[in-house]
Amino acid sequence: MSRRRRKSAPIGLPPGTLLIDPEAPPPVVHFMGFGPDELEEGTVEDISVLEGLRGRWPVLWLNINGLGDEAVLRKVAEVFKLHKLALEDVVNTNQRPKVEAWPESTYIVLRSLTWGKVGEKLDHEQISLFVGPDFVLTVQERIGDPFEPVRKRIRDRRPAMVQGGPDYLGYALIDALVDGYFPVIQEFSDLLDDFEEEVDERPTRSLHTRIRTARRAHILLRRNLWPARDVLQRLQNSDLPFFSTDVQVYLRDVYDHALRVLDLVESQRDQVSGLSEAYMTVVSFRTNEVMSMLTLVGTIFMPLSFLAGIYGMNFDTASPYNLPELGFRYGYITLLSVMAVTAVAMMVYFRRRGWLGGEP
Amino acid sequence: MSRRRRKSAPIGLPPGTLLIDPEAPPPVVHFMGFGPDELEEGTVEDISVLEGLRGRWPVLWLNINGLGDEAVLRKVAEVFKLHKLALEDVVNTNQRPKVEAWPESTYIVLRSLTWGKVGEKLDHEQISLFVGPDFVLTVQERIGDPFEPVRKRIRDRRPAMVQGGPDYLGYALIDALVDGYFPVIQEFSDLLDDFEEEVDERPTRSLHTRIRTARRAHILLRRNLWPARDVLQRLQNSDLPFFSTDVQVYLRDVYDHALRVLDLVESQRDQVSGLSEAYMTVVSFRTNEVMSMLTLVGTIFMPLSFLAGIYGMNFDTASPYNLPELGFRYGYITLLSVMAVTAVAMMVYFRRRGWLGGEP
Amino acid sequence: MSRRRRKSAPIGLPPGTLLIDPEAPPPVVHFMGFGPDELEEGTVEDISVLEGLRGRWPVLWLNINGLGDEAVLRKVAEVFKLHKLALEDVVNTNQRPKVEAWPESTYIVLRSLTWGKVGEKLDHEQISLFVGPDFVLTVQERIGDPFEPVRKRIRDRRPAMVQGGPDYLGYALIDALVDGYFPVIQEFSDLLDDFEEEVDERPTRSLHTRIRTARRAHILLRRNLWPARDVLQRLQNSDLPFFSTDVQVYLRDVYDHALRVLDLVESQRDQVSGLSEAYMTVVSFRTNEVMSMLTLVGTIFMPLSFLAGIYGMNFDTASPYNLPELGFRYGYITLLSVMAVTAVAMMVYFRRRGWLGGEP
Amino acid sequence: MSRRRRKSAPIGLPPGTLLIDPEAPPPVVHFMGFGPDELEEGTVEDISVLEGLRGRWPVLWLNINGLGDEAVLRKVAEVFKLHKLALEDVVNTNQRPKVEAWPESTYIVLRSLTWGKVGEKLDHEQISLFVGPDFVLTVQERIGDPFEPVRKRIRDRRPAMVQGGPDYLGYALIDALVDGYFPVIQEFSDLLDDFEEEVDERPTRSLHTRIRTARRAHILLRRNLWPARDVLQRLQNSDLPFFSTDVQVYLRDVYDHALRVLDLVESQRDQVSGLSEAYMTVVSFRTNEVMSMLTLVGTIFMPLSFLAGIYGMNFDTASPYNLPELGFRYGYITLLSVMAVTAVAMMVYFRRRGWLGGEP
Amino acid sequence: MSRRRRKSAPIGLPPGTLLIDPEAPPPVVHFMGFGPDELEEGTVEDISVLEGLRGRWPVLWLNINGLGDEAVLRKVAEVFKLHKLALEDVVNTNQRPKVEAWPESTYIVLRSLTWGKVGEKLDHEQISLFVGPDFVLTVQERIGDPFEPVRKRIRDRRPAMVQGGPDYLGYALIDALVDGYFPVIQEFSDLLDDFEEEVDERPTRSLHTRIRTARRAHILLRRNLWPARDVLQRLQNSDLPFFSTDVQVYLRDVYDHALRVLDLVESQRDQVSGLSEAYMTVVSFRTNEVMSMLTLVGTIFMPLSFLAGIYGMNFDTASPYNLPELGFRYGYITLLSVMAVTAVAMMVYFRRRGWLGGEP
C-alpha cells in the first residue's frame, strides 16, 4: 500500500524560483484568436512566434497544458508581463484558489476536480487564469481539458462569445470549471446513499473503512471548494481590473452556482459524519442482539444443566438422605417437567423485559 | 429501492440556455389584473395576447404553473423584459433562494416545501417571483398552489390588497410562502416527539433507520430554509427597486416569521442529533441489563455445576482418599446447603454492587 | 401521554388579522397614572373611558392581562395608535423577543419564563411593551404578574420612579423581567447538580429519560433567551425613539444582566450535554465491570468443570489406557490440587491485567 | 454532600439598592498616597477622614477589602462620586468582567481566580477598579491580596510607578491580576496531564468522576476569563477617559497576556473533552479484552466439556450401537488427542483473527 | 515519566523586567551588513562594537542566538532603541505570534516549529524580528538556524536581496519561517496516514495512546499557527511602518502560504478526531465479532451439553419411567442425530440473522 509521500519544497528559496517537476508533461500550447468577425486557432510549436500573436485579434486565448518546460513558461511570462510571484504560483500547483490583481492582468487560481475513484481518490489539478486587456491565458497541469465546450462556443461563433472581451471569455471558462463541480458532488452523493443502505443491511468492517476513506476524501473536497467560494465572491463584488461591469452580472451567476455547490458539500459533511455514527450504532445494536441471544440460551440451559448434573452425581444411595429422588418411580418425568417450566418461565421473563430485541 | 439519481446538466453551456425537462408539465398561465376599482382574471390560452395584458390595470399578476414549454417562457421573458440569466434560473429549478435586482424587475427565488411523507420525503418546489413597476410574475414548477389565499383576498377586494401596488402583492405572496413553512416544521416536530417516546419504549432497529432518514430530511429542510432567511433580510433591509418604503414594514414582519422558522429548525437539529445519541445510549443500557442477567445466572450456576461435576466423577472409591464425601450419610444434603449458601452469597454481592440495574 | 399538538395558523391571512384564541382569558385592564406629585390607579371596567385616561398624568401605565377580547384590543390600539402589524404580534403570542420602532411608540416583545416543573415543563408567556411619549402599555397573556414589585415602587413614590418618564418605567419593567430569568436558571442548575450525583450513583433508565427531557427543556430556554439578548443590546446601543439618554445607562445595566443570564445558559448547555455523555460512559463502565465478573467466573470454572467432566466419563477401565487415573490412590486429591492451582493462576492473571476493574 | 444553593436576589428592586451579604467581612480600608517625591500609606479607621485624603497627593490609591458595611461604601461612593449603578455592581459580586466609562471615573470589573482544590473548587472573587483623575479605588470581596507586589513597587519608589498617574497604577493592578491567571491555568494543566496517564493505566470509576468535575470547573474558568478578554481589548483599543495614550501601550501588553491565557484555556477545553472520550474508549477496549478472554475460554472448553459429557452418558452398552467407543482399548487416549487438536485449532483461529487483542 | 512542569513567572513584576532563564545558552551575535555593492559579515565577540556597526551599510542584519546574557540584550536594545516591553517579550519566550508597530521599528514575533518526535514532541522556539529603517534584528532562543538559506542568498548577491531594503530582508526571513511549517505539517500527515492503516489492522491499546498524544501535539501545533495567520494578514494588509508597498506584494504571497498551512492544519484536526472515533468503532466491531463467536459456540454447545447431561443422570432405571431411552438399541445414535440437527439449525439461524459478521 504505497502512499504518495510528497516531498516538501526546499525552504528559503528566492521568490520567483520555478521548481519544475521533472515528471511534469511538456507543455502543449494552443491559441485561439478571435473577434466579432474573425477566428484563428492553432498549436504553437515554436515558442518564439508567441510575441507576434498578441494584439492581432481583439481577444487572444492562449492555453497551456503541462508545466514541464521552464523556457516556455518564462517566454509566456515575458510576453504577457506576468509577475515572477504569479509565475511561481503557476508552477507550484498546490495553490489555494485565489484571485490577485496585478497591474498587467488579473490572476485567478481555481482547481479542477474529478474522481479517480469515487469516494476514494480525488484527482485535483490547478488551473491558472490570467485575464488581461486583450488576452486570456490559461495554464493547466495535465492534458485533459475542461474547456472544450467553451472552445466549441467560439468556433460556433456564438455572438455573446465573439463580441465579448477577454473578461467574458474569462467568465465562460470559470463557469465551465464551476459547473464541473456538480457531477463530482453528485457522484459522491450517490456513493453516500449506497452507504446508507449498506450500513443497515451489511455493516461489515470494510464498509467502515470505506466510510472513513470517503470522509477523508470529503475533507479534501471541502478544502478545495471553500476558497473557490471566496474567489467567486470577490470576482462578483469588487471592481477588479480587466473585468467590465457587464460581465459582473454573469459572475454573480457563477457565484450563485458556487454557493449551491457549497450548500451540497456542507450537507454531505453532515451526512458523512452521520454515517460513521450510524455504523457505530448499528454495530452496538447487533452486539445487543447477539448478547440477548446468548443470555437467553445461557439463562435457560445453565440452570437445567446444573439440575442434570445434580442427578448425575455418584453419592452412595445406600444412605436414604443421598439423592433419594433417583429411586422415585416418576423422578425423571418430574424433573423433566420442572425443567420445562423453568425454561418457559425464563422465556416469558425475557419477553416481558423486551430483551429479545429486534422487530416484533 | 430505486433512488432518483439526478443527472447533472451538461457543462459549459452558454448562459441563458433553457434546459426544458421533457417531463415537466405544460405551463398553465393565469392572470389577474386589478386596481382599486377594477378586477379581471382568466387563463391565457393563446400566449400572443400576453402583450396586450400588460399596462391595462395598475397591477397585473401573471402566474405560470409548469415549465414544459420553452416558447411560452421566451414570450413571457420578452413581454416582461426578463434577463436571460434570470430566465435560465427560472427553468433550472434547483436554485438557492435568492434576490436579484435587475433593471426591469426584482427577481426573488424562494422554495415551497411540503412533506411527501413526514420525516422521509420532502417535496420542494422552486417559486420564482418577479416584481416590476406594474406587474408581478410568479412561476411555479408544478400545479398545486400556495397562493390561493392571496387570490381570494384580491377577489374579496380587501382594500390594502387592491390599493397596494405590485410590491404589496409581492409581499403578500412571500408572506403566504413563509407562513407555509410553519406546518412543515410542526409536522416534523410532532414526528420527533413520537420518536422520543419510541426510543425509550421500543428501540428497534427500524426506529434507528427512521431517525437517520429524518436527520437527512432535516438537512434538506435546513438547506432550503437558511438562504430564505438571507433573502428576507435583504428584502427588509435594503432599498430594492420596485419596493416602496411603505411595504418595507410588512417585509420586516415576514422577516420576523422567517427568524422564528429558523429558530425552530435549529432546535429540531439539536433534537434530532440528541435522538441519535439517545438511541445509542438506550441500546447500551439494554446490553448492560442483558449482560447483568447473564452474569448473574452464569456466576451462580457455573460454580454449582462444577460442584455437581465433582461428585459425578468415577474415581475408584476403593481408595479412602478418593471422593470420600460420596459415602457420607449427609453428603448430599450438606452439598445442597453449600450450593444454596453460595448462590445466595452471589446474589447479595450483585445487589451490593448495584449490578442488577434497572429501576429499583 | 397527550402532547400539545399545536395547530398552525391558517396561511395567507391579510396582515393585521387578529386570531383570538377562544380559550384565552378575558382581558383585565389596570391603569396607573402618575407624576412627581400625583398617583391614581384602578381597573378599567368600561373600555370607553380609556380615551379619557391618556394625557391626564405625565405617565400613564396601562397593563392588560389576557387576550380574550378583540374589541378591547382594538380600542387600545386606537387610543395608543398601535400599528395593525404590532397589534397582530401582540395577539400571536409566539413572537420572538424583538424591538420595533414605530412612529407612535417603541414596541418591545420579551418573554416571561417560569418552570411548570423544573427541567420538564417550561411555561413561557409573551410580554408586549409599548413605550410612547406619555404612556407605557404592557400586555400579558395570562393573569399572574411579574410587574408587582414595580407597582410597589410607584406606590411608594420612589423619586426616580415618579420623576422619570415612560422610558424609565419601561426600563424598570424590562429589568423586572430580566431579573426573573435568574431564578429560572438557578433552579435548572440545581436540577443538573442533582443529575450529576445520580449519574454516578444510580444510572437508571429513568434518569436517562429525565436528562433528555431536561435537554429539550434547555433548548426551549435558550430559544427564548438568545433573542432577548439582541433586544437588550439594541435597546442600550441605539437611539430608539422615546428612550432618553438618561435611561440608556440603566438599559446598559439590564444588558449586563442579560449577558450574565446567557453565560449561565451556555454553561448549562455544556453541562447537559456532558451529562448525557457521562451517563453513557457510566453504563459502559458498568457493563465492563459485569463482564469482567462473568469472565472471571467463566474462565475459572469452565476448565475446572471440563476436568470434572473428564473423570466422569464411563470408559471401560478394563483397558489400562482408559482413564487409569481413576484407580490411583491419590487421584482425587491430586486433581483437586491441580484445580486449585489452575483457579489461583487464573485469578493472578486477571489481577495482573487489571481486569478486575473497580476501585483498588 | 451539601452544595451551595445560591439564593437569587429579590426581583424588581430599584436600581442602586445595596444588598449587603450579612456574612460579608467588614471592610478594611487602606490608602497609599504618592507622587514623584512623596509617599504616605495607612489604614483608614474612621471613614470620615476619607474626604481629606483626596487631592493631597498626585495619586491616591484606596483599597477596600470586604463588603460588609454599607455606610463605608456609601461614604466612598460619595467622596469619589461613584454612580449608584456602579456601586450596586461593586456589592453584587457576581458581575461579568466589564469596563464602563462614567463621567467621574472608569469602572473596571475583573475577577481574581484561585483553586480551592485544583480541578474541583475554583474560588473566584470580584475585583472592582475605579480609575479617576487623581485616584484609583479598588474593592475586593475578601481579605487576601493580589496587589501586594504592586504596593511593594510603590514603596520601592520605582520611577515608572511613582511618576506615572492613576492610569499607570491602574495598569499595574490589572497586570498583576492577569498575571495571576497563569498559575491557575498551569495547575489545571498539570492535573490534566496526570489524568492522561491515569486514563491509560487505571481507568477507575472515580477517575471518571474527577474528569467530569474538572470539566465543570473548566466551564467556570472559561466563563470568568472570556469576558476579561473583551475588557482588556476595549481597554487597549478605545480612548477611555482617564487613560492616557502613554499607558495604552502597556495595556496592549496586558491584552497580549490575556490572549495567551485564553489560548491555553481553549487548548485545555479540547484536552478535557478528549479525556472524557479517551476514558470511554479505554473502557471499551478493556471490555473487548475481557470478552475476548471469555470467548477464548468458552469456545475451547464448551466443546470439550460437551465431548466429556457424551462419554459420561449412561446408555446401556449392551446394545452395540450405544457408545461403543467406551469399550475401545485406546478410546480415552484417542479422545484426549481429539480434544487437544480441537483446542489448538481454536487458538490458532483466534490468533489469526487477531482477537486476542492487547499488545503483540 | 517526568513531565516538564513549567514554573510560572512571579506575579506583579514591573514591566520591562528581564527574567533570564539560567539555563538559556549564552548569546551568539552575528551580523551581516550589505548594500547593492558591498557585503561584510562576522561574529560580534565584544558587544561594545555594536554601536559602530549601525549605519555603515544600507542594511544591517544582526542575528542573536541564545538569550543567556542580559547585558548583551540591554546593549542591543539601546543601540536599536527597542522599547522595554518589546525587550521583555523577546526574553519571555512564550509569546503569541504578533506584530507590533513601535516608533523605532516594527516588532514581529513568530515561532519556529520542528518535531522532536513526530506526533509526540513538538519543539517550538520563539523568533523575534525587528525591522527598522536601516536594520533587521532577529533573536532566536537556541542555536540552530532556519535563516541559513537567506544568508546564502545574500552571499550570492542575489539582486532582489542586496538591492532591497530591510523590509525585503524581513520578508525573506518570514518567508523562510513560514516555508519551514510545511515539512512539519507533512510529517504529521504521514504519521496520521500510518495511524489510519493501523486502526484497521492492529487496533492495539498503544495505538490509542499514540493517537491521543498526536491529538495533543496537534492542539499545540494549532495554537502556534493560528496567531501566525493573523500576523501575516496584518503584515499584508496594513501600512506598517518600515514596510514599503513594493514588499507588500511579497507579504501577500507569504500570507497565501500561511493560509495553505492552516487549511492543512484544519484538515488534520478533522482527521485526528476521525481517528479517535474510528478506533472506538473498530474496537466495538471487534467486540461484536468476538461476542458473536461466543454466542455461536454457546448457543450450540449449551443445549447439547444439557442433553448429554440428561443421559448422564443416575436415575434408577428399574422404574420404566426413568430414562427409558438409555435402554434403547439405537438410543445413542438417535441422540447424536438430534444433536447434529440442533447444531445445524442454530448455525442456519445465525447466518440468517447475519450475526456471523465479518466479511462474507
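**Exercise 1.** In this predicted model, determine which residue of chain C comes closest to the rotation axis, and state the operation that lays chain C on chain B.

*Solution.* Begin with the distance to the axis: among the residues of chain C, Gly312(C) comes closest, its C-alpha lying at 4.9 Å. Next, take the superposition. A turn of 72° with a shift of 0.1 Å along the axis lays chain C on chain B, and the RMSD is 0.2 Å.

**Exercise 2.** Identify the symmetry that relates chain A to chain B, and find the residue of chain A whose C-alpha is nearest the axis.

*Solution.* Recall first that two copies of a chain are related by a rotation about an axis and a shift along it. For chain A on chain B, the rotation is 72°, the shift along the axis is 0.1 Å and the RMSD is 0.1 Å. This is therefore the relation of a five-fold axis. In chain A, the C-alpha nearest that axis belongs to Gly312(A), at 4.5 Å.

**Exercise 3.** Describe the side of chain A that touches chain B: how many residues does each chain bring to the contact, which helices of chain A take part, and how do the residues divide by character?

*Solution.* Start with the counts: chain A brings 57 residues to the contact and chain B brings 50. On the chain A side, at least two residues each come from helices H4 (148–155), H6 (166–179), H7 (181–201) and H9 (245–310). The greatest contribution is that of H9(A), with 30 residues. By character, this side of chain A comprises 22 nonpolar, 20 polar and 15 charged residues.

**Exercise 4.** Explain why the copies are said to meet through different surfaces.

*Solution.* Compare the interface residues in turn. Of those in chain A, only 16% are also interface residues in chain B, so the copies meet through different surfaces. The argument for chain C rests on a value of only 18% shared with chain B, which leads to the same conclusion.

**Exercise 5.** State which chain pairs lack contact, and how far apart the domains of chain A lie.

*Solution.* No contact joins chain A and chain C, whose closest C-alpha atoms are 9 Å apart. Chain B and chain D do not touch either, with their nearest C-alpha atoms 9 Å apart. Within chain A, the division is into domain 1 (28–281) and domain 2 (286–353). The C-alpha centres of these two domains of chain A are separated by 74 Å.

Terms used. Residues are numbered from 1 along each chain as its sequence is written. Chains are lettered from A and ligands numbered from 1 in the order in which they are written. This is a predicted model: local features need pLDDT of at least 70, side-chain atom pairs count only at pLDDT 80 or more; totals for chains, interfaces and linings use all residues. Two residues are in contact if their C-beta atoms, placed from the backbone, lie within 7 Å. Copies are superposed by least squares on the C-alpha atoms of residues with pLDDT of at least 70 in both. Helices (H or I, at least four residues) and strands (E, at least two) are DSSP runs, numbered from the N terminus. Ala, Val, Leu, Ile, Met, Phe, Trp, Tyr, Cys and Pro count as nonpolar, Asp, Glu, Lys and Arg as charged, and the others, Gly among them, as polar. Domain bounds come from an automatic or database domain assignment.
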